[in-house]
Amino acid sequence: MYKSILVATDGSKLSNKAIKAAVDMAKSVGARIVGFYAKPEYPGSVYAEGASLSTYGSRSKFNKEQDDQANSVLQGVVDAANKAGVAVETVSVNDNVPFEAIISAANKRKCDLIVMASHGRRGISGLLLGSETQKVLTHSKLPVLVVR
């Protein structure tokens with residue numbers, strides 16, 4: 001069945017449900033888990049030639065904060081997988097287009113299932129807020145399990 005399951009997380013309570021579902025499925029079929037977190041890229045805007053204005057401080061400080069956040073969030077995947085006796089690895093990348101990063105990571109790690117959460121927003125709310133889950137569903141060639 002499945003040998004490698006990527007679970008995308010943002011650290012929310014809902015994505016914690018997706019982690020549990022992914023780990024439970026991995027345990028039942030003998031698969032491994034790949035925990036994934038997309039970190040935003042440095043949001044500096046270019047002002048004039050070569051100058052950058054940002055309210056986020058230095059690029060290195062921003063990146064360290066993002067790395068710390070990613071490690072904290074992905075530790076939840078590691079803890080859940082270890083508790084269940086499931087093999088686990090984690091991946092975090094800087095990318096401002098999370099759905100593409102999720103699909104790319106799943107392909108690079110040879111995953112055969114993507115698990116992620118969805119708030120299930122519909123109508124104008126879903127259209128305006130956008131849904132990374134919906135975008136993954138639309139663009140991925142791999143099966144996607146959506147947890148609500």
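**Strand β2 and the neighbouring helix α1**

In this predicted model, strand β2, which spans residues 32-39, is largely enclosed by the rest of the structure, because 6 of its 8 residues are buried. Strand β2 is paired with two strands, β1 and β5. With strand β1, formed by residues 4-8, β2 runs parallel, and the two are joined by 5 bridges; within this pairing, Ser 4 is placed opposite Arg 32 of β2. The pairing with strand β5, formed by residues 88-94, is likewise in the parallel sense and extends over 7 bridges, with Val 34 standing opposite Glu 89 of β5.

The connection between β1 and β2 involves helix α1, which comprises residues 13-29, and the three elements together make up a β-α-β unit that is right-handed. Helix α1 contains Ser 15, a residue whose relative accessibility of 3% lies under the 20% cut-off, and Ser 15 therefore counts as buried.

The surroundings of Ser 15 include two contacts made through its side chain. The side chains of Ser 15 and Asp 10 are joined by a polar contact of 3.0 Å, while the backbone nitrogen of Gly 11 is reached by the side chain of Ser 15 at 3.3 Å. When residues up to four places away in sequence are left out of the count, Ser 15 is found to touch Ala 8, Thr 9, Asp 10 and Ala 117; among these, Asp 10 is also the partner in the side-chain polar contact at 3.0 Å, and Ala 8 falls within the residue range 4-8 of strand β1, the strand that is joined to β2.

Note on methods
Residues numbered from 1 in each chain as written. Predicted model: local features only at pLDDT ≥ 70, side-chain atom pairs only at ≥ 80, totals over all residues. Heavy atoms only, no water. Buried < 20%, exposed > 50% of the residue type's maximum accessible area, 1.4 Å probe, protein only. Helix = DSSP H or I, 4+ residues; strand = E, 2+ residues; numbered from the N terminus. Pairing = 2+ DSSP bridges. Right-handed = clockwise from strand over helix to strand, strands pointing away. Polar contact = N/O pair within 3.5 Å; in protein donor to acceptor, adjacent residues only side chain to side chain. Contact = heavy atoms within 4.5 Å.
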